[in-house]
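Colleague: I'd like to learn how to read a structure like this one. Could you walk me through a few features?

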Amino acid sequence: MPKTFDSGILGTIGETPLVKLEKMFPREPSQFFAKIERFNPGGSIKDRSGLSMLLEALRNGEITPGRSVVVESSSGNLAVGLAQICRYFDLRFICVVDAKTTEQNLAIIRAYGAEVQVVDERDPETGEFLPVRLRRVRELVASIPHAYSPNQYANLSNPQAHERTMREIVEALDGRLDYLFCSVSTFGTLRGCAEHLRREGLRTKVVAVDAQGSAIFGQLPTRRLIPGHGASVVPALMDPDAADEVVHVSDLDCVVACRRLVAREAILAGGSSGATLAAAERMLPRIPPGSVSALIFPDGGDRYLGTVYSDDWVREHFGEVSHLWKD
């Protein structure tokens, strides 16, 4: 393992910009800031998680460059992040994805030299791909010599990475933050942010943004169109006390918020970013005047051009709904 990578590409992970949303809620007497995680080198907040998990595994000897095989399940963003990190550290990487993973993401993963296994059958009990993906990861780890799975759903190095994410936000706002809106999937980001806030004694209200039809907070799992937030099983990292409030948003909510965001702020954001914005908009009547809110935008919209930003795709799944985002 290299002693340092600060001068390499992985040294650019983190310190992403915090952008004030000037036009989104122009009549609101409060301030809203977006943490733009697409500026990580792999294009998403998952770069932080991936680097934290693999660095810990390298430090404790669980993986060795040139010999170990990293095997992980991902719907897209972590796969890209891990592919880049594994290429840097000379680790073979096998990623288990599913039929919802976009061709663009698959192409990026393969460009880094990673191997892809696509799961195209759904779990009969939940109707989702995730349980099948996880089962396939276990099979691969059991059958491949020197295989290791970071297991983003249970690895404590995942939330530990996001204590830094939260610290960056707090420092940029000089410690004044009334609300944090954060989408949930593995629960790594929200848990890490909440733990930092508690340790620093800040009274920020943490709002978890989950998908309708996600099992994380006890809903009956149903099929969802937009990946990145929500899960069909409750992740091991889930801490029910980490969030002060939970807001569930629909796939259509995500699409509308993403379209409004790019129209008003010229920010091309991903689906879970739209979910976070939709949750903040829903809570506007209850946010006291003068409050400061931060919204974590996990990735950019360039990987959603065939879905969220495709008029044909939107019409196919929701009908003609463009009036919902046009001023």
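Colleague: Let's start outside: how much accessible surface does the chain have, and what share of it belongs to carbon and sulfur atoms?

Modeller: First, a word on the source: this is a predicted model, where local features need pLDDT of at least 70 and side-chain atom pairs count only at pLDDT 80 or more, while totals for chains, interfaces and linings use all residues. Residues are numbered from 1 along each chain as its sequence is written, and side-chain values use heavy atoms, with hydrogens and water left out. Accessible areas come from the Shrake-Rupley method with a 1.4 Å probe, and for residues only the protein chains shown count as cover. Here the surface of the chain comes to about 13700 Å², and 48% of that belongs to carbon and sulfur atoms.

Colleague: What percentage of the residues is buried?

Modeller: Buried means under 20% relative accessible area, exposed means over 50%, and partly exposed lies in between (1.4 Å probe, protein chains only). In this chain, 58% of the 327 residues are buried.

Colleague: And how many helices and strands are there?

Modeller: Both are DSSP runs numbered from the N terminus: helices are H or I with at least four residues, strands are E with at least two. The chain has nine helices and ten strands.

Colleague: Now salt bridges. How many does the structure hold?

Modeller: Side chains of opposite charge can pair when their charged atoms come close. The criterion is a side-chain nitrogen of Lys or Arg within 4 Å of a carboxyl oxygen of Asp or Glu. By that rule, the structure holds 20 salt bridges.

Colleague: Which residue does Arg38 meet in a salt bridge?

Modeller: Its partner is Asp302, at 3.5 Å from N to O. The two are 264 residues apart: Arg38 is in the loop between strand E2 (31-36) and helix H1 (46-59), and Asp302 in the loop between strand E10 (292-297) and helix H9 (311-318). Arg38 is partly exposed at 30% relative accessible area, and Asp302 is partly exposed at 29%.

Colleague: Where do Arg191 and Glu195 lie?

Modeller: Both are in helix H6, four residues apart, which is about one turn of the helix. Their side chains form a salt bridge at 3.0 Å, N to O. Arg191 is buried, with 18% relative accessible area, whereas Glu195 is partly exposed, with 25%.

Colleague: Which residues do salt bridges with shared partners join into one network?

Modeller: That network holds Glu15, Lys35, Glu37, Arg48, Arg164 and Glu168.
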